[in-house]
Amino acid sequence: NQTPPKIDADVQGRITDLKHVISGFSGLSVPGEVSAKARLTGPYRQMAVESLSANWQGPGQSMAELSGRIANINKLAGFDLALRGRLSKADWLTPALPKSMGKLENAGFSAQLSGDYGQLALRAIRMKADDANHLNITLAGQSDVTQGTGGAALENMNLALTFSAPTTRAARALLFEKVPELGAITGSAMVRSQKGDPALENVVVRTRDSKGIAVDLKGRIANFPLEAARPNKGYKLEVTMKATSMSLMGERMGWQLPLSGPLDLKFRIEGDTRALQLNRIVLSGGGSDALMLGATGQLAFGAWDRADPLRSIDLKWQADSADTKSLGTVLGRELPELGALSARGRLHTVAGNHRLDNLSVHNAKAAPLQISLKGQAQQVAFWPKPAIDGIQFTLAATSSDTARLNAMFGWEKRIPAIGPVKASAKISGND
């Protein structure tokens with residue numbers, strides 16, 4: 001038997017144009033050059049790569065270094081490598097980043113690589129990045145990269161994610177594109193999986209606005225695919241939203257809320273991206289000297305690309321106004337003064353239609369004119385713009401003496417005293 005030939009050689013090389021070497025993202029062109037050197041040793045069929053040192057030098061201070069050894073280069077087995085690097089002003093990386101993320105300003109990364117090509121273990125992962133919108137992201141932990149029939153996949157992930165930004169919109173790449181501006185934001189989560197889609201656990205997100213908005217979110221998402229086109233599943237998130245002014249919160253959320261007083265809103269997010277539910281809603285807001293609102297219930301959404309994504313609603317609500325003027329301000333209309341008003345109702349979905357039932361509006365018994373409005377509306381729309389159709393209201397009004405009606409209009413004695421008055425009417429149609 002002949003002894004297998006052995007190799008003992010030093011090799012080195014250099015690549016000055018990476019355009020045709022590194023690909024995978026349309027429009028991505030990696031600048032800079034790569035140089036490498038190593039020592040090849042051992043039998044030809046089981047050749048080892050020793051003292052490997054590969055270096056990439058990019059624009060500015062951008063660089064990356066891979067060092068260590070590969071026990072069997074023929075089978076791509078026995079990796080024992082260290083990776084580290086940094087990036088600065090990496091405009092060239094933009095095609096590989098989410099579109100809503102700013103240009104990458106600075107980044108640093110490092111990891112230990114071991115195992116085989118079929119299952120590569122990444123340990124001591126450390127990554128930190130800052131973009132042009134001052135979004136700061138850190139990622140630390142470990143993961144495996146496995147090769148299968150469907151290509152490379154991440155498994156056995158255990159990564160700690162943290163982020164912060166001076167504005168909520170700066171972090172929309174990590175949240176959702178149309179997230180409203182709610183102030184400075186911080187967040188953290190554990191990204192974990194064995195096989196398949198990872199879960200986001202121990203999610204904690206906070207926003208704080210100097211004008212008096214505070215939002216807290218915590219919980220988990222059971223399935224969080226890394227492919228943006230696939231929906232998330234298994235939301236279980238508790239949300240608390242507080243604001244010193246309801247009108248300010250309405251402005252940020254894109255709602256018309258000409259209301260004074262604070263807002264306190266709690267709810268639970270459950271379901272999937274394409275079947276999202278807001279459950280256990282508890283809302284209170286307004287001031288005791290003006291209009292106070294309250295609501296409890298739930299909302300369920302369907303596909304977000306529909307003209308009306310709201311699939312179903314079940315909200316019991318109440319509104320109490322210290323005087324009629326406050327209500328007129330909200331409605332944008334001048335109303336006669338009827339004193340304090342109280343309203344109750346239920347918004348719910350029946351056979352696919354959102355409707356208003358159990359409406360009851362009345363004022364104080366001591367008011368010059370006592371009113372009572374009851375009824376329903378067969379169809380209520382919220383998107384693309386609010387609308388009410390199929391109104392069926394019954395209005396009743398009584399007064400102990402007609403002369404008392406002068407107070408409603410600020411008159412003295414225009415209406416003479418001719419005794420009690422009663423009136424009723426049916427109101428129908430749409431808004």
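Okay, let's start with Asp 197, which comes out partly exposed at a relative accessible area of 25%. Before I go on, keep in mind that this is a predicted model. So what does Asp 197 pair with? Its partner is Arg 230, in a salt bridge whose closest N and O atoms sit 2.7 Å apart. Asp 197 is in the loop between β10 (184-193) and β11 (199-209), and Arg 230 is in the loop between β12 (213-223) and β13 (233-243), so this pair ties together parts that are 33 residues apart in sequence. Arg 230 is partly exposed too, with a relative accessible area of 37%.

How many salt bridges are there by this rule? The count comes to 23. As general background, side chains of opposite charge can pair when their charged atoms come close. I'll walk you through a couple more.

Next up, Asp 216 and Arg 206. Their side chains meet in a salt bridge at 3.4 Å, N to O. Here Asp 216 belongs to strand β12 and Arg 206 to strand β11, 10 residues apart, and the pair links distant parts of the chain. For accessibility, Asp 216 is partly exposed at 28%, and Arg 206 is partly exposed with 40%.

Now for a buried one. Glu 270 and Arg 268 form a salt bridge through their side chains, 3.4 Å from N to O. Salt bridges with shared partners join these residues with Lys 236 and Glu 238 into one network. Buried or exposed, then, for Glu 270? Glu 270 counts as buried, at 15% relative accessibility. Arg 268 also counts as buried, at 19%, and the cut-off for that label is under 20%.

Let's move on to Asp 357, which is in strand β19, residues 353-363. Asp 357 is buried, with a relative accessibility of 11%. Which side chains does it reach with polar contacts? One is His 348, joined side chain to side chain by a polar contact of 2.6 Å. Another is Arg 355, where the side-chain contact is 2.8 Å. If you leave out residues up to four places away in sequence, Asp 357 touches Gly 345, Arg 346, His 348, Gly 375 and Gln 376. So His 348 turns up both as a polar partner and in that list of touching residues.

Okay, Thr 296. You'll find it in strand β16, residues 291-301. Thr 296 is partly exposed, with a relative accessible area of 40%. What does Thr 296 touch, not counting residues up to four places away in sequence? Those are Ile 281, Asp 314, Leu 315 and Lys 316. There's also a backbone distance you can check on screen: the C-alpha atoms of Thr 296 and Gln 318 are separated by 9.4 Å, and the two residues are 22 apart along the chain.

Last stop, strand β1, residues 6-15. This strand is hardly covered: among its 10 residues, the count of buried ones is zero. How does β1 pair with strand β2? In the antiparallel sense, over 10 bridges, with β2 spanning residues 33-43. If you want one register point to click on, take Ile 7, whose bridge partner in β2 is Gly 42. And a general reminder while you rotate the view: in a regular strand the side chains alternate between the two faces of the sheet.

That's my tour, thanks.

Notes
Residues numbered from 1 in each chain as written. Predicted model: local features only at pLDDT ≥ 70, side-chain atom pairs only at ≥ 80, totals over all residues. Heavy atoms only, no water. Salt bridge = Lys/Arg side-chain N within 4 Å of Asp/Glu carboxyl O. Helix = DSSP H or I, 4+ residues; strand = E, 2+ residues; numbered from the N terminus. Buried < 20%, exposed > 50% of the residue type's maximum accessible area, 1.4 Å probe, protein only. Contact = heavy atoms within 4.5 Å. Pairing = 2+ DSSP bridges. Polar contact = N/O pair within 3.5 Å; in protein donor to acceptor, adjacent residues only side chain to side chain.
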